[in-house]
2 protein chains.
Amino acid sequence: MQQLFQHLNGFYKLSQEALAALEASFEELILPKGAFLVTHGNVCRHMYFLQKGALRGFYNLEGKEITHWFGFENDFITSFHSFITGEPAVENLQLLEGSILYSISKEKLTGLFNRHHEIERLVRIVYEKYYIRLEERYVNAQFKTATERYEALLKNTPHIIERVSLGYISSYLGISQETLSRIRSRL
Amino acid sequence: MQQLFQHLNGFYKLSQEALAALEASFEELILPKGAFLVTHGNVCRHMYFLQKGALRGFYNLEGKEITHWFGFENDFITSFHSFITGEPAVENLQLLEGSILYSISKEKLTGLFNRHHEIERLVRIVYEKYYIRLEERYVNAQFKTATERYEALLKNTPHIIERVSLGYISSYLGISQETLSRIRSRL
DNA sequence: TTTGCAATTTGACTATTGTCAAAAGCAATA
DNA sequence: TATTGCTTTTGACAATAGTCAAATTGCAAA
């Protein structure tokens, strides 16, 4: 739990009381490679913190799996759409490695918001940061060529390339595996 | 101001006190077509609510203007990256039509957060909703073809096509103007 | 080591999109 | 009505990326 708290501290410094309340609300979760946190069609009622491990988010499009997201150490993870709206998730979240996570239900989180203004502030700040990050990914996706996107991945998140198979990465980059293979051979 | 309050009400219902505090903090802004809310290289210290009008966000890439965003009635507008981090904006925000806006400084907003937990809650909820919206745009950008992206635009936000010139729209879709013109002639 | 399977690369060809240049359409205005 | 400037369309060709199939590589189980 120390790792989670330290990470939270990077967003906003909480009081001892708030930290104690959080500590009582998170549950540790140890899951094997291949396990699913969220599956398509089901409502996702939890927010996860990934302490150790890796996972991918993917959905099905015309029979093919589209990987749209990777999560690693110190990421907050959920099907945001489902968690926020309460509607069934359109995507799946699956562990790529055996992982250690901490989970909190939406219900408990809402309760914490009511009792601790500062926890809601922390989450507001986390959303801000995640928003900016997503905006950057969006600009990358929309306005860069396949080669530029791969180069950005090499530069900004090389750990993805080291820990994830090419098939998933090419899907994540929105290009075919063959094209990615050719890009790599050219660089 | 009524329109802003009604819009906020759709996210979270504020008390009379909080509304009064907001009312005292927002400033009306009437600007002509072509005016800039934010320019590249300058820190954006305000959040805007667009009551009437339209605008685009764009940045320069290798001499070309890339339009990455449009704002219309009832949108919250800022250079999120700059507003949140305090760093200089990389993009410009320019009015496409004469517009009526309400503006609040980051400083005032932070003060409101401290005095009114419920205002911070409202903003947290707005961020959630904007996050989901951006996530959808991201998936569209990364995994759909040019034709599909244009069709999605027609279906989800037809007002954009009615009010914005093709040159901006093609840039927004991440395709050349000629390709967009050909897509339109084929449909 | 060898075998078997999955991941990755390569080849040949097709489809999509981009680029540059020219033409057509449209609207304000002199 | 003619002129001007801007937006949109069209044509010809080049570049980029996708698809399908086959070869190669890498790695783990036997």
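1. Residue classes used here: Ala, Val, Leu, Ile, Met, Phe, Trp, Tyr, Cys and Pro count as nonpolar, Asp, Glu, Lys and Arg as charged, and the others, Gly among them, as polar. By these classes, the surface near DNA strand C has three nonpolar, nine polar and five charged residues. A residue is near a strand if one of its heavy atoms lies within 4 Å of it.

2. Basis of the note. This is a predicted model, in which local features need pLDDT of at least 70 and side-chain atom pairs count only at pLDDT 80 or more, while totals for chains, interfaces and linings use all residues. Residues are numbered from 1 along each chain as its sequence is written, chains are lettered from A and ligands numbered from 1 in the order in which they are written, and side-chain values use heavy atoms, with hydrogens and water left out.

3. Surroundings of DNA strand C. Among the 17 residues around DNA strand C, those that come nearest are Leu166(A), Ser181(A), Arg182(A), Glu178(B) and Thr179(B). Helix H8 (166-173) and H9 of chain A, together with H9 of chain B, each supply at least two residues of this surface; H9(A) gives the most, with six residues. Helices (H or I, at least four residues) and strands (E, at least two) are DSSP runs, numbered from the N terminus. Of the atoms of DNA strand C within 4 Å of the protein, 42% belong to sugar or phosphate and the rest to bases.

4. Polar contacts to DNA strand C. A polar contact is a pair of N or O atoms within 3.5 Å; within protein, one must be able to donate a hydrogen and the other to accept it, and residues adjacent in sequence count only if both atoms are side-chain atoms. A polar side-chain atom of Ser181(A) is 3.0 Å from a phosphate oxygen of DNA strand C. For Arg184(A), a side-chain N or O atom is 3.4 Å from a phosphate oxygen of this strand. Gly167(A) uses a backbone N or O atom, 3.5 Å from a phosphate oxygen of DNA strand C.

5. DNA strand D. Here H9(B) provides the largest share of the surface, six residues. The classes are three nonpolar, nine polar and five charged residues. Two base contacts deserve a look: a polar side-chain atom of Arg182(B) lies 2.4 Å from a base nitrogen of DNA strand D, and one of Glu178(A) lies 3.1 Å from a base nitrogen of DNA strand D. Leu166(B) places a backbone N or O atom 2.9 Å from a phosphate oxygen of the strand.

6. Ile175(B). This residue lies in the loop between H8 and H9 of chain B. Ile175(B) is buried, with a relative accessible area of 14%; buried means under 20%, exposed over 50%, and partly exposed in between (1.4 Å probe, protein chains only). Leaving out residues up to four places away in sequence, Ile175(B) touches Ala146(B), Arg149(B), Ser170(B), Leu180(B) and Ile183(B), where contact means heavy atoms within 4.5 Å.

7. Strand S7 (residues 92-95) of chain A. Both faces are covered: Asn92(A) and Gln94(A) on one side, and Leu93(A) and Leu95(A) on the other, are all buried. S7(A) is joined by two bridges to strand S2 (residues 36-38) of chain A, and the two run antiparallel; two strands pair if DSSP finds at least two bridges between them. In S2, Val38(A) stands opposite Leu93(A). Strand S4 (residues 55-61) of chain A also pairs with S7(A) in the antiparallel sense, over four bridges, with Phe58(A) opposite Asn92(A).
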